[in-house]
Amino acid sequence: MTTPTRKRARHARPPSRTFPTRPAGGAGDRRPTLTEELRGASLVNEIVASFVVFLVALPLCIGVAVASGAPAEFGIISGVVGGLVVGLMRGSTLQVSGPAAGLAALVAEAITVHGAATLGIIVLASGVLQIALALVKLGRMFQAISVAVVQGMLAGIGLPLMISQSYVLADSKAPGTPVENALGLPGLVTTALSSTDALIATGLGIATVALCFVWKKVPGPVAKVPAPLVAVAVGMAVAALPGVRIDTLRVGDLTASVHFPGAAEFASLADPAVLATVLTFTVIASAESLFTAAAVDRMHTGPRTRYNSELLSQGLGNTVCGSLGALPMTAVVARSSANVQAGAKTRLSRTLHGLWLLGFALLLPGVLALIPITVLAGVLVHSGWKLLAPEQFPRLWKQDKGEAVVMVVTTFAIFGTALLEGVLIGLAAGVVLAVLRMSRTTVRHSTDGDTAKLTMTGSATFIRLPQLLDALDAVAAAGSPRIRLDLTAMTHLDHACRTQIDEFVAQQRRSGTVRVELLLPGGPKGAPAVKPGGPPPGNGVSGTGEELPDLPYRTGRPAPARVATPSRPDVEPFAPDREFTGTATAEEFDVGEWEQAYVGEAARRDAGTARQASHRRDPRRTDPARGGRRDARAPGPYDVFDGPG
């Protein structure tokens with residue numbers, strides 16, 4: 001005997017199969033361990049994916065170090081830490097960390113100003129600050145930034161990177177600041193054509209850039225090989241040809257390059273300039289890592305990133321990098337996307353890529369010395385182009401011209417000043433745009449008999465004071481004996497605008513010749529209202545000192561939650577949905593009587609509706625019960641009977 005299937009009530013909510021619920025915190029919110037992740041994944045796929053990430057990360061680690069003005073070993077150390085330390089953390093599953101091109105210009109400036117020995121303590125302090133931000137749950141704070149500012153920041157990083165690496169691409173030295181580098185590009189062309197060796201280096205660098213752009217279009221499985229690795233292999237073959245003299249990478253001992261900060265480096269933290277650099281490193285590295293996490297989450301369907309945990313992981317990684325005197329690290333889109341596309345499902349792939357980096361640097365350091373620097377510069381020029389993303393500018397302009405302006409302002413502010421100052425300028429531009437859009441006020445003038453009306457809708461902030469003053473002057477210049485200011489449709493009225501309105505009302509009432517009716521937001525429709533404790537909208541004073549009667553007003557009593565509109569407003573002396581024409585008197589309308597007459601009726605009607613809704617939602621009342629009740633009712637005039645009679 002089978003158990004009959006119980007029908008689900010029509011009011012019941014079907015179980016969700018798309019978004020399973022999970023309790024916040026506790027065992028239900030625990031991130032699985034690496035061993036638990038591997039139970040449902042292929043170990044072979046994870047190893048293959050880790051090797052692909054290693055091939056992408058190797059030239060980037062070295063190239064970022066060279067672009068930063070630091071030894072190549074510093075970049076490799078940061079890549080190893082990003083794999084073996086951050087890779088084991090639970091903030092993200094598939095995101096890969098290491099030295100990033102976005103911080104190359106910032107690191108180069110720090111080394112130039114403070115010295116290479118101070119770089120380690122700057123990175124260490126930045127890591128500690130990241131950990132502190134994660135512990136106070138500020139990981140998601142970095143998401144509360146305009147997308148236009150973020151895109152402008154990335155473009156402002158990519159454009160100077162492309163220009164500065166163009167000099168390295170031609171085996172030349174950049175003049176200095178981004179503006180100086182841009183102004184020196186015409187002279188760079190002359191330098192590149194001055195000798196055969198410079199021409200070969202320039203051609204090899206340009207070929208590297210072109211290869212990075214077109215390699216994905218190569219048909220067949222060959223396209224799965226990372227383009228930077230192919231470019232490095234080609235560059236090593238060209239550099240090995242007889243008669244070719246181009247600069248190659250200089251690599252030292254990896255273990256000898258480790259530098260632990262000493263007392264002198266810790267003492268440098270008392271320098272305000274060093275602290276400003278620490279703050280800049282923290283903000284930029286954290287923002288880039290968490291924005292990358294959001295981008296990587298859109299690439300796969302696995303576990304989502306937990307931002308506070310990821311920020312903690314990045315802070316721990318930078319603390320270790322700073323303790324070893326290496327470069328700062330962030331999450332990197334290029335390595336993370338390669339990890340996802342290679343089929344990785346767990347943290348094992350990104351952890352093993354750090355192990356391969358360490359083994360290659362320790363066992364085969366001589367191979368690194370064969371890599372031409374111009375090839376690495378070409379790889380970074382391609383990375384700078386992807387950061388610049390010029391296609392984003394016209395696309396954003398079509399979507400939102402204001403946000404596009406913010407993006408352009410941020411980009412050129414970074415290019416003309418520095419990274420931190422440019423980001424702050426971009427944030428300020430975004431705030432100004434938000435304030436302008438939030439403060440949109442519509443003003444409408446009209447005259448009804450002897451009453452001059454001013455109706456304002458929208459939101460009024462201090463930046464709309466000139467518009468408000470012009471509107472008040474216009475309604476005062478009409479010369480009408482009565483003025484009605486209708487602000488009931490305003491969604492926001494800040495203190496500056498409210499103060500200006502109050503001063504205008506007080507000034508007009510003191511004149512003794514004008515009666516002013518002020519309707520502020522918050523009262524029932526058609527009934528005047530003021531903010532509790534504010535001045536009443538009437539009670540003008542005549543020239544003889546006698547108080548003039550005016551419409552009744554609210555005196556601080558809270559407005560009801562709902563105000564019902566009477567069904568026949570034409571029979572009421574002053575109906576709530578009728579526009580005041582200036583003919584009603586104070587004796588014909590009383591707010592208290594109006595509320596007693598209609599609000600009480602609305603409350604009773606709402607209570608009856610609520611009981612009926614609860615009656616309909618009662619799960620104990622099944623369809624047959626309702627059907628039986630329908631059959632038992634008295635027949636109506638339009639009922640059709642199928643039976644006899």
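1. Let me start with T208, which counts as buried at 2% relative accessibility. This threonine has its place in helix α9, residues 196–214. Leaving aside neighbours within four places in sequence, T208 is in contact with A231, V375, G378 and V379. Please keep in mind here, and in every point below, that the model is predicted.

2. P365 makes a useful counterpoint. This proline is found in helix α16, which covers residues 365–368, and is partly exposed, with a relative accessible area of 34%. Not counting residues up to four places away in sequence, P365 touches V251 and F360. Its C-alpha atom is separated by 9.8 Å from that of R250, although the two residues are 115 apart along the chain.

3. Now a step back to the chain as a whole. It has 24 helices and six strands, and 43% of its 645 residues count as buried. If we take the contacts with a separation of 6 or more, residues 24 or more positions apart account for 75% of them. The accessible surface comes to about 33,300 Å², and carbon and sulfur atoms hold 62% of that area.

4. The sheet deserves a careful look on screen. Four strands form an open sheet in the order β3-β4-β5-β6, and the pairing is mixed. Its edges are β3 (441–448) and β6 (515–519), each of which pairs on one side only. On average, neighbouring strands are turned by 15° against each other, direction ignored. Helix α21, residues 465–477, packs on this sheet and touches β3, β4 and β5 (482–493). The direction of α21 makes about 0° with that of β3.

5. How do the partners of β4 run? As a reminder, strands of a sheet pair through backbone hydrogen bonds, either parallel or antiparallel. With β3, strand β4 (residues 451–460) pairs in the antiparallel sense over eight bridges; one reference point is V443, whose bridge partner in β4 is M456. With β5, by contrast, β4 runs parallel, and nine bridges join the two. Here you can check L454, whose bridge partner in β5 is L485. Strand β4 is also mostly covered, with eight of its 10 residues buried.

6. The connection from β3 to β4 is a hairpin with two residues between the strands. In the turn, G449 has a positive phi of about 65°. A second glycine to inspect is G343, just after α14, where phi is positive at about 95°.

7. Two non-glycine residues also take a positive phi, and I would look at both. Most residues other than glycine have a negative phi. K137 has a positive value of about 65° and lies in the loop between α5 (116–135) and α6 (147–169). A389 has a positive phi of about 45° and lies in the loop between α17 (373–388) and α18 (392–399). Their surroundings can be set side by side: K137 is exposed, with a relative accessible area of 61%, whereas A389 counts as buried at 12% relative accessibility.

8. Which residues of helix α14 (residues 333–341) are buried? They are R335, S336, S337, A338, N339 and V340. I would draw your attention to R335 and N339, both included in that set. The buried residues of α14 pack against α2 (43–67), β1 (97–98), α12 (272–297) and α15.

9. Helix α15 brings me to the last point, its crossing with α3. The axes of α3 (residues 72–84) and α15 (residues 348–363) come within 6 Å and cross at roughly 150°, and the crossing is left-handed. From α3, the residues that meet α15 are I76, G79, V80, G83 and L84. On the α15 side, the contact is made by R350, T351, H353, G354, L355, L357, L358 and A361. The residues of this contact divide into seven nonpolar, five polar and one charged.

Note on methods. Residues numbered from 1 in each chain as written. Predicted model: local features only at pLDDT ≥ 70, side-chain atom pairs only at ≥ 80, totals over all residues. Heavy atoms only, no water. Pairing = 2+ DSSP bridges. Axes fitted to C-alpha atoms, helices over the stretch in contact; angles between N-to-C directions. Contact = heavy atoms within 4.5 Å. Left-handed = near helix turned anticlockwise from the far one by under 90°. Nonpolar A, V, L, I, M, F, W, Y, C, P; charged D, E, K, R; others polar. Buried < 20%, exposed > 50% of the residue type's maximum accessible area, 1.4 Å probe, protein only. Areas by Shrake-Rupley, 256 points an atom, 1.4 Å probe, with all protein chains shown as cover.
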